[in-house]
Amino acid sequence: MKFCTVFALFVVLGLDAINGYDCKIVQFIFGDSLSDVGNNRNLPRSLAQANLPFYGIDFGNGLPNGRFTNGRTVSDIIGDKIGLPRPVAFLDPSMNEDVILENGVNYASGGGGILNETGGYFIQRFSLWKQIELFQGTKDVIVAKIGQKEAEKFFQQARYVVALGSNDFINNYLMPVYSDSWKYNDQTFVEYLMETLDSQLRALHSLGARKLMVFGLGPMGCIPLQRALSLDGKCQNKASNLAVKFNKAATTMLADLETKLPNASYKFGEAYDLVNDVITNPQKYGFDNSDSPCCSFYRIRPALTCIPASTLCKDRSKYVFWDEYHPTDKANELVANILIKRFDFMRADDGTSEAPSPAPAPDISPSSDNN
């Protein structure tokens with residue numbers, strides 16, 4: 001019998017048969033550079049790239065692989081720790097129907113945001129609307145392969161992760177080159193994000209997403225880039241306070257949406273307090289440095305990206321941040337371990353629930369991404 005080995009990233013489930021396949025449950029990941037595993041490296045005009053050394057130095061053969069860190073993403077680590085395969089980047093050359101059924105798909109894109117306009121100066125990136133459009137195409141090819149009825153079961157039993165939002169602040173609202181920075185104030189911009197995200201989650205629900213986790217934001221004002229842009233090298237409270245506002249609003253929105261959409265099971269995964277404590281008390285967690293990047297261009301700050309001419313810190317496991325934006329493998333491992341405990345990712349599911357009928361599909365907003 002042919003097997004479609006389909007796993008959840010966060011929850012291990014029982015087996016269910018789909019059209020002659022002995023299937024488990026897949027995951028579909030929607031995100032930004034914190035979750036990107038190679039999509040942007042296949043966007044030739046994208047300026048948001050992790051395709052130069054020393055990215056990937058502690059992963060596999062040590063060569064750049066599209067991940068914006070020296071090693072693994074949080075999603076990689078969680079999947080590894082619970083014995084699950086990693087979903088393949090949507091733009092990976094190996095992508096086909098069998099790969100989708102075997103591993104699920106990762107649509108995450110560096111520079112992407114909830115809003116279409118976010119990260120425009122990166123030229124090419126997948127916004128969340130674009131990622132949802134790509135997922136809709138994924139569903140179409142699976143329907144063609146295994147039929148409508150079995151495809152509905154497949155997608156409704158899958159697990160979904162949505163992890164975006166920081167770019168909407170750092171690479172949009174907090175930059176005066178974007179019109180959103182003067183069209184909105186803090187409160188109305190967060191409301192704009194919530195209205196958009198609400199529509200996007202409804203669109204995903206219409207396409208089969210029933211069990212979904214939205215990840216919250218960490219203290220954005222404390223990433224090395226924000227410190228370097230400040231006058232005193234300290235965390236920028238405005239950015240971090242916006243993350244708190246986002247997390248609070250998203251928690252409320254998600255809980256409300258769960259009550260309105262049939263058979264929806266939604267979680268909000270927040271780790272702000274953990275990351276803030278790691279940055280404030282790095283020695284407590286085995287780090288020596290939590291305010292500057294391991295990979296830097298001598299004394300020039302901010303360097304923005306890690307390049308072959310950069311210099312590396314002596315011990316990458318002692319740094320919280322890899323570059324100006326992204327955590328190191330070691331920091332990602334710490335966050336992954338806490339999330340596994342906090343959200344009980346190891347709990348079993350008997351997989352016996354019936355797949356509900358799909359809800360009426362709302363219109364999916366067209367993406368304005370320049371792809």
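Modeller: A disulfide is here a pair of cysteine sulfur atoms within 2.5 Å. The model under discussion is predicted, and it holds three disulfides.

Colleague: Which handedness does the disulfide of C294 and C313 have?

Modeller: The sulfur atoms of C294 and C313 are 2.1 Å apart, within the 2.5 Å cut-off. The torsion about their S-S bond is about -85°, so the disulfide is left-handed.

Colleague: How many residues apart are C294 and C313?

Modeller: The pair links distant parts of the chain. C294 lies in the loop between strand 11 and strand 12, and C313 in the loop between strand 13 and strand 14. Their separation is 19 residues.

Colleague: Is C235, the partner of C222, buried or partly exposed?

Modeller: C222 has 5% relative accessibility and therefore counts as buried. Buried requires under 20% relative accessible area, and exposed requires over 50%. C235 has a relative accessible area of 25%, so C235 is partly exposed.

Colleague: Where does C306, joined to C295 by a disulfide, lie in the chain?

Modeller: C295 lies in strand 12, so the pair ties together parts that are eleven residues apart in sequence. With 75° about the S-S bond, this link is right-handed. C306 lies in the loop between strand 12 and strand 13.

Colleague: Is helix 1 oblique or parallel to helix 11?

Modeller: The axes of helix 1 (residues 74–81) and helix 11 (residues 329–342) come within 8 Å and cross at roughly 55°. Angles under 35 degrees count as roughly parallel, and 65 to 115 as roughly perpendicular. The arrangement of helix 1 relative to helix 11 is therefore oblique.

Notes. Residues numbered from 1 in each chain as written. Predicted model: local features only at pLDDT ≥ 70, side-chain atom pairs only at ≥ 80, totals over all residues. Heavy atoms only, no water. Axes fitted to C-alpha atoms, helices over the stretch in contact; angles between N-to-C directions. Helix = DSSP H or I, 4+ residues; strand = E, 2+ residues; numbered from the N terminus. Parallel < 35°, antiparallel > 145°, perpendicular 65-115°, else oblique. Buried < 20%, exposed > 50% of the residue type's maximum accessible area, 1.4 Å probe, protein only.
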